[in-house]
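Reader: I would like to learn how to read a ligand site and a set of salt bridges in a model of this kind. Could you take me through both, giving the general idea before the case at hand?

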Amino acid sequence: MSQYRRCSVLVCGAGPAGSSAALAVARAGAGVLVLERRRLVGVPVRCAEYIPAPLAGLVPGARESIVQKTTSMRAFLHGECIQNLAAPGCVIRRDLFDQALARAAQEAGARVLTGQSLLGLEEGPGGRHIAHVQAADGTQWDILADIVIGADGPKSTVCAKVLGGSWQMIPALQMTLPLAVPLDHTRVYFDEDLRAGYAWLFPKGKVANVGLGAVADAGRATLGRRLRAFVEKVCDEGLVTRDATPVCTGGWIPVQERPCVQGSVLLAGDAAGHTHPITGAGIAQAVQAGEMAGRWAAQAIGKGCMALVNNYAEEWQDQYGDLLAHARARRLAWEAHVGSLDRVIRSFWIGYREYYAA
Ligand SMILES: Cc1cc2nc3c(=O)[nH]c(=O)nc-3n(C[C@H](O)[C@H](O)[C@H](O)COP(=O)(O)OP(=O)(O)OC[C@H]3O[C@@H](n4cnc5c(N)ncnc54)[C@H](O)[C@@H]3O)c2cc1C
């Protein structure tokens, strides 16, 4: 048994959502414990590491994680540049970004325990929650919490426990390769072969994150084969150079929002499907949802009124409900669409006015 037998707010996961939640709870003066499965926060990185520029000013320590800034996003269809959109952004070291946020939460008073996996949750006495935890050395222990915030990523254990069901996610794969020429912009590539998805090339100093995410279609080339073909293409274009042992990563991107409050269990970030269903970007929403969830959890603890956590769902819906619902509808239409992207790309990509039409 560990010394951590009780806490007011238990946060599962020390990614952007979990650390933002813990920071908000701690700043409000409530007790908060964070469980993180990884031994080192943020490692390994599973991300293309692009954030919109304003986010760097909002997240403690984020500026130090910036590797390079970008000014615009170029979109390519069938190899032709179809748009150059002003989009000030930053390509970051995601490990440093996550670590800085976790450190900020700790400095505010949160306890962050790494190498600790949440195995399951069950109802405890007085409407509380018993969390079953396993340390990296195999030791198991339990903790009793008033409120649980599930910020444990796309395949969230907390979400599975309180919502069950299967929520749509798409697979993504990426290689980091040496950049052959300096680039001041990000690039996204569309092709019918990447249904309801796209490939990207994001410059990061001397390297570039080159990847893709799309609906996995039975009978089509696997995502790995498509990534290798895309890498050949951008190598041939002289943008990146081949590397015999590139850093490879991948993961799941939620493209369907999930209800974010169930009693006194809150979900934030990828655990709640807060990722943008078209772009797959989720860092900014994770930070904001985490902050909101943490703030309302602390209020509920402070005022002894658990119903206050429902304000998190309301505030989230007010700020993001329409945006994510619209993107979800566009995704479903894109997935169903079998015609030529030449005709319809403007309805499905966020860079075009037509995308925002009702
Ligand atoms: C290949 C790829 C590229 C991407 N590129 C971008 C991009 O460029 N820009 C962008 O904005 N978004 C990007 N995303 C999405 C972005 O990474 C996520 O939206 C973001 O990480 C969500 O943050 P989070 O805190 O909700 O979840 P996560 O970052 O996934 O953090 C969850 C944390 O919970 C921990 N955890 C999981 N289960 C348990 C458990 N049972 N017990 C304890 N701890 C647990 C994990 O170890 C992890 O540290 C990308 C995603 C992928 C897969």
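**The ligand and its surroundings**

Author: Let us begin with a backbone contact: in this predicted model, a backbone N or O atom of Ala17 lies 2.9 Å from an oxygen atom of the ligand. Such a pair counts as a polar contact because its N or O atoms are within 3.5 Å. Pro16 also places a backbone N or O atom by a ligand oxygen, at 3.2 Å, and for Glu49 the corresponding distance is 3.2 Å.

Reader: How much of the ligand does the protein bury?

Author: The ligand taken alone exposes 990 Å², and the protein buries 92% of that area.

Reader: Which residues are closest to the ligand, and how many surround it?

Author: The ligand is surrounded by 35 residues, of which Glu36, Tyr50, Arg94, Leu118 and Asp270 are the closest. Sorted by class, the shell holds 17 nonpolar, 10 polar and eight charged residues.

Reader: Which element gives the most to that shell, and where does the ligand lie with respect to the domains?

Author: Strand E7, which spans 116-123, gives the most, with three residues. Helix H1 (16-27), strand E2 (32-36), strand E14 (247-254) and helix H6 (283-303) are also among the elements that each supply at least two residues. As for the domains, domain 1 (6-46 + 95-167 + 256-336) and domain 2 (70-90 + 168-253 + 339-356) both give residues to the shell, so the ligand lies between them.

**Salt bridges**

Reader: How many salt bridges does a search of the whole structure find, and which parts does the pair Glu315 and Arg295 tie together?

Author: The search finds 13 salt bridges. In one of them the side chains of Glu315 and Arg295 meet, with an N to O distance of 2.9 Å. Because Glu315 lies in helix H7 (residues 310-336) and Arg295 in helix H6, this pair ties together parts that are 20 residues apart in sequence.

Reader: Are Glu315 and Arg295 buried or partly exposed?

Author: Here the cut-off matters, because buried means under 20% relative accessible area. Glu315, at 18%, therefore counts as buried, whereas Arg295, at 26%, counts as partly exposed.

Reader: Where do Arg331 and Glu335 lie?

Author: Both lie in helix H7, four residues apart, about one turn of the helix. They form a salt bridge whose closest N and O atoms are 2.7 Å apart, and both residues are buried. Elsewhere, salt bridges that share partners join Arg6, Arg128 and Asp146 into one network.

Technical notes
Residues numbered from 1 in each chain as written. Predicted model: local features only at pLDDT ≥ 70, side-chain atom pairs only at ≥ 80, totals over all residues. Heavy atoms only, no water. Near = heavy atom within 4 Å. Polar contact = N/O pair within 3.5 Å; in protein donor to acceptor, adjacent residues only side chain to side chain. Areas by Shrake-Rupley, 256 points an atom, 1.4 Å probe, with all protein chains shown as cover. Nonpolar A, V, L, I, M, F, W, Y, C, P; charged D, E, K, R; others polar. Domains from an automatic or database assignment. Salt bridge = Lys/Arg side-chain N within 4 Å of Asp/Glu carboxyl O. Buried < 20%, exposed > 50% of the residue type's maximum accessible area, 1.4 Å probe, protein only.
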